[in-house]
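Here's a quick briefing to read with the model open. Have a look at the structure first, then skim the notes.

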Amino acid sequence: MLNKLKEIRALNAFVKKQSVGMQRKLMLYWVSMILVVFAAVILLLSIAGVFSQSDERLQEVMELHLKNTQDNLVAHLDRLTAQSLNLSKELSREIEATLIQDGISLQQVNDDPERLLKLQQIMYPLINATLQAADCNGVYVILDATTNTALAGADHSRSGIHLRYSNLSASSPVTPTVVYFRGIPDIARQKDLELHNRWNLEFDTDQIPGCRELMDATLDRPAQRYFWSRRIDLKDTWESAMLLCVPIVGSDGTVYGVCGVEISALYFQLSYPAADGQFGSAVTVLAPLQDSRLLLSEGLVGSVSGTYLDGQETLVIHQGRYYNEYDTGTERYIGLHQIMPISRGEAEDTAWAAAILIPQDSYAAYTADIQKAWVMAALVLLLVLLAFSFFLARSFVRPITDSLKRFQQDELPEQSLSSGISEVDELAEFLNARARNQRLEQGELPPNIAELFDQFVVRKDLLTESERNILRYYIDGHEIAEIPDLAFISMSTVRKHNRSIYEKLGVASRDELMLYIDLLRRCGRLQELF
Amino acid sequence: MKHRNCIFLLLAVLLLCAGCSNTAKKEETPTTITVWHVYGGQADSPLNDLIDAFNQTVGKEQQINVQVTSVSNTNTIHELVLAAANGEPGAPELPDLFVSYPKTVMALPDDSILVDYRDYFSEEELSAFLPAFVEEGVVNDRLVVLPVAKSTEIMFINKTIFDRFSQATGVTLEDLDTWEGLYRAAEIYADWTDAQTPDIPGDAKSMFVHDYYFNYFQVGAESLGEDFFQGDGLAFGPAFRTAWEPLARAAIQGGVWLQGGYATASLRTGDSIVSVASSASILYYSDVVTYPDNTSEEITIISRPCPVFENGDKLVMQRGAGFCTVRSTPERERAAITFLKWLTEPEHNVEFVTRTGYMPVTQAAFEKHLPKAIEELESPKYASLYQAYLDTQASYEFYVPPQLESYLSLETALEDHVRAQLSLGRQDYLDAGETGLEQISADRLQVFREIMER
């Protein structure tokens with residue numbers, strides 16, 4: 001670890017020593033700044049709860065949905081219970097009236113198919129009316145009597161009628177066909193009803209847990225004790241259903257039998273369609289709750305479209321902050337549930353829950369969508385900022401690099417050229433000045449002066465031989481008065497030559513001529529005049 | 001140049017974002033398609049099991065979820081489909097797939113609401129089906145009914161009770177090979193059962209029940225070389241009388257079950273012991289008969305080919321509806337077709353048909369898979385059915401009913417009125433002290449004919 005740290009430090013030092021381009025350095029500063037600001041923004045957003053918003057929204061939506069669903073379910077089941085209790089009272093009255101009329105007890109109806117048929121004929125209109133009026137797919141009545149007590153299964157075989165709708169469909173409650181599932185077939189023939197393919201004369205009470213106990217109880221009134229059975233398979237059919245079991249209580253407290261309504265898995269599925277929302281398909285469930293498990297196989301499941309639920313699963317519940325997770329073992333669902341009491345006075349205390357479930361996959365896809373959008377937006381923002389910093393750094397450095405290029409190409413103008421940045425201009429001027437001084441220090445003439453000298457030297461070729469002689473005398477330091485003697489010419493001739501020399505060399509006076517000669521001597525270029 | 005590159009890069013990134021932001025949720029959600037079918041009714045539905053198998057395998061792979069929203073019969077589906085197609089108040093929404101006969105399609109106000117299977121099946125795929133079956137599903141030059149299973153009419157016999165009857169009276173199973181023989185046996189059965197309770201007169205039991213008298217008269221007339229239909233009505237030629245007379249004699253004497261409902265119901269209660277019905281009704285025959293005193297008896301149901309007339313051809317009704325696919329979205333249509341292709345693959349098709357009492361629809365299924373599947377049948381009831389099926393195929397010709405717009409109304413009227421008139425005839429006969437059989441039969445035929453021609 002320490003070694004690694006050392007290595008990193010060494011690397012850092014090395015990088016520091018390396019000369020880095022100004023643009024790169026500038027960009028590095030920009031990028032660091034952008035990243036810091038970006039991180040701060042992300043931090044602020046997450047503190048503000050922008051990212052957990054979908055969880056919260058899901059919770060809100062689900063809570064509302066659950067409340068609606070539960071209200072619907074409670075209203076639905078309450079209505080059915082009320083209708084069943086009413087059916088129970090009417091059946092009780094009719095049965096009692098018939099028994100009194102015949103002067104017998106219910107026990108004496110056993111082994112008497114004629115009397116059972118008569119009782120069923122009396123009960124049929126009430127059952128049929130309840131089926132027509134109630135929001136259910138079947139109504140039944142079981143009398144605590146059987147056609148043949150001599151049979152092997154007679155103790156759990158009970159006479160009764162069970163009417164069911166056969167052709168349920170999602171949106172057509174108008175024309176359902178009533179089939180005769182249980183009961184004496186004579187009634188079906190009288191009423192022109194089709195016998196169910198798996199018709200039986202009597203009920204098998206062992207198929208309905210709790211039914212026997214209810215019939216054996218002594219009660220004051222039917223509302224004292226009633227219950228919804230767990231979902232049971234209707235023998236030999238592909239259907240399963242929950243039965244509401246309400247006792248038919250006689251005036252002396254004996255229970256004549258059990259009656260109630262049936263909600264089949266199919267009927268429930270059609271009555272509670274899946275709500276397809278932005279988070280996925282929400283499925284309605286009414287199921288027993290046991291040891292943090294939701295037993296779908298014993299309850300009812302609404303339409304499962306949009307999910308892979310098949311209504312047979314046991315869901316393990318994991319409580320969460322915003323919502324619960326429901327695990328089938330292979331699939332996961334998220335949702336909420338709420339306990340709702342649907343039975344009364346039941347010995348076995350089953351907690352029933354209304355729940356809504358959304359496939360976790362579809363919610364995950366939804367949040368992944370949002371995440372993807374966030375990541376993409378952040379990425380685009382970053383890219384834009386990086387591009388911006390690149391352009392900015394480049395345009396900032398460009399005058400400097402341009403100036404540098406010009407320095408390198410020796411194109412420095414004498415007059416300072418504006419680069420737009422005062423520091424750069426100053427630097428250029430400074431460098432110019434320094435270069436000039438340096439040249440002077442090395443004895444170099446300033447170029448314009450050197451040019452004057454050059455012209456002067458070139459012009460001397462225009463002079464005649466005798467004019468050149470006279471110039472030489474001047475160079476040697478002789479005065480004008482000494483020239484006639486030295487050159488053996490008159491003073492007037494000297495003057496004439498002087499005029500010509502001044503004219504040709506471009507000077508105005510002897511003093512100016514002497515200045516040139518003096519300067520050329522100083523520059524060591526005097527011999528060029530010879 | 002550099003600028004341009006940068007802009008390009010930015011544009012590319014933005015496009016990428018737009019491309020990624022399309023809804024991933026859709027991909028996660030299965031396409032749910034709904035089905036109304038007739039395979040199973042209120043009993044166990046083998047098709048529902050197969051649909052579960054599909055949902056768990058191919059469905060899961062391709063994100064298709066097939067949901068059965070109604071299992072009923074073709075007549076109920078016919079009513080519902082017509083109500084929905086005509087937009088009647090309270091009508092259900094059409095499912096993606098429903099099972100029907102071409103007659104339902106012909107009654108639709110606009111059959112373009114259905115998918116033409118030629119859009120989804122290649123010529124090669126369609127050539128795998130038996131051509132006659134495909135031909136049957138063509139309405140107005142569009143293939144709208146896809147065959148998945150075909151049935152025929154079969155005679156089912158409660159052998160346990162029939163053996164008892166046979167021993168007592170000498171009537172044999174072979175006597176039931178012709179309609180004439182069958183109705184004679186029914187008359188004997190009525191006498192035999194009536195005689196068992198000498199103290200109660202007129203309580204003869206019925207031996208025979210026919211699911212569709214319309215089919216009986218139709219195939220009967222055609223097998224005797226006569227047209228059954230004439231225009232939009234019935235022909236009522238001599239062959240109709242030939243079919244009527246033995247039926248009426250037996251019915252008036254109480255040997256024929258005349259209550260409505262399916263044949264399976266009266267066999268279940270022991271009210272009759274021989275039926276002619278679709279081979280597919282095998283699913284609904286119970287192995288137990290329950291009597292009014294709640295005693296029950298285990299019985300053996302056997303199958304034999306449908307009876308024929310002594311002077312008639314060996315002709316039998318070919319039945320079996322097919323699947324119609326309702327036009328919706330391309331995804332849903334594709335999902336529906338994927339399911340249908342899966343269901344008509346020989347392997348699945350044979351599994352499906354042998355559990356429901358049907359025949360497969362593709363050549364490969366018939367030749368390669370069916371014989372093996374029949375050998376493996378464990379239930380003697382099903383083994384007997386498929387033996388009867390093979391016998392039928394060996395010696396009978398199949399009759400396919402014509403596509404007539406008035407077909408369904410004629411069928412419904414005939415079913416109701418034949419039963420009603422024969423029941424009234426039975427009552428007349430009992431009231432007349434069991435005399436005047438021939439006259440009652442002729443009178444009832446006259447009344448029946450008048451009603452049908454009205």
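The notes below cover confidence, domains, one helix, the second chain and two backbone oddities.

This is a predicted model, where local features need pLDDT of at least 70, side-chain atom pairs count only at pLDDT 80 or more, and totals for chains, interfaces and linings use all residues. Residues are numbered from 1 along each chain as its sequence is written, while chains are lettered from A and ligands numbered from 1 in the order in which they are written.

**Confidence in chain A**
- Chain A has a mean pLDDT (the predictor's confidence in each residue, from 0 to 100) of 86, and 93% of its residues reach 70 or more.
- Among the elements of chain A, strand β1 (residues 138-143) has the highest mean pLDDT, at 96, and helix α1 (residues 2-17) has the lowest, at 67.
- Helices (H or I, at least four residues) and strands (E, at least two) are DSSP runs, numbered from the N terminus.

**Domains of chain A**
- The assignment (domain bounds come from an automatic or database domain assignment) splits chain A into domain 1 (23-52 + 367-406), domain 2 (53-363) and domain 3 (422-529).
- Taken over C-alpha atoms, the centres of domain 2 and domain 3 of chain A sit 131 Å apart.

**Helix α9 of chain A**
- Helix α9 (residues 422-441) of chain A has 20 residues and runs 28 Å from its first C-alpha to its last, close to the expected 28 Å; the expected span is 1.5 Å times one less than the number of residues.
- Of the 20 residues of α9(A), one is buried, so the helix lies largely in the open.
- For that label, a residue is buried if 20 or more other C-beta atoms (placed from the backbone) lie within 10 Å of its own, exposed if 12 or fewer, and partly exposed in between.

**Chain B at a glance**
- Chain B comes to 19 helices and 17 strands, and its C-alpha trace spans about 115 × 50 × 40 Å along its principal axes.
- Of the 454 residues in chain B, 48% are buried.
- Contacts (C-beta atoms, placed from the backbone, within 7 Å) with a separation of 6 or more in chain B are 71% between residues 24 or more positions apart.

**Positive phi without glycine**
- D111(A) is not a glycine, yet it has a positive phi of about 65 degrees.
- D111(A) sits in the loop between α3 (53-102) and α4 (113-133) of chain A, and counts as partly exposed because it has 16 C-beta neighbours inside 10 Å.
- D141(B), also not a glycine, has a positive phi of about 65 degrees.
- D141(B) is found in the loop between β4 (138-139) and β5 (142-143) of chain B, and its 7 C-beta neighbours inside 10 Å are why it counts as exposed.

Notes. Contact = placed C-beta atoms within 7 Å.
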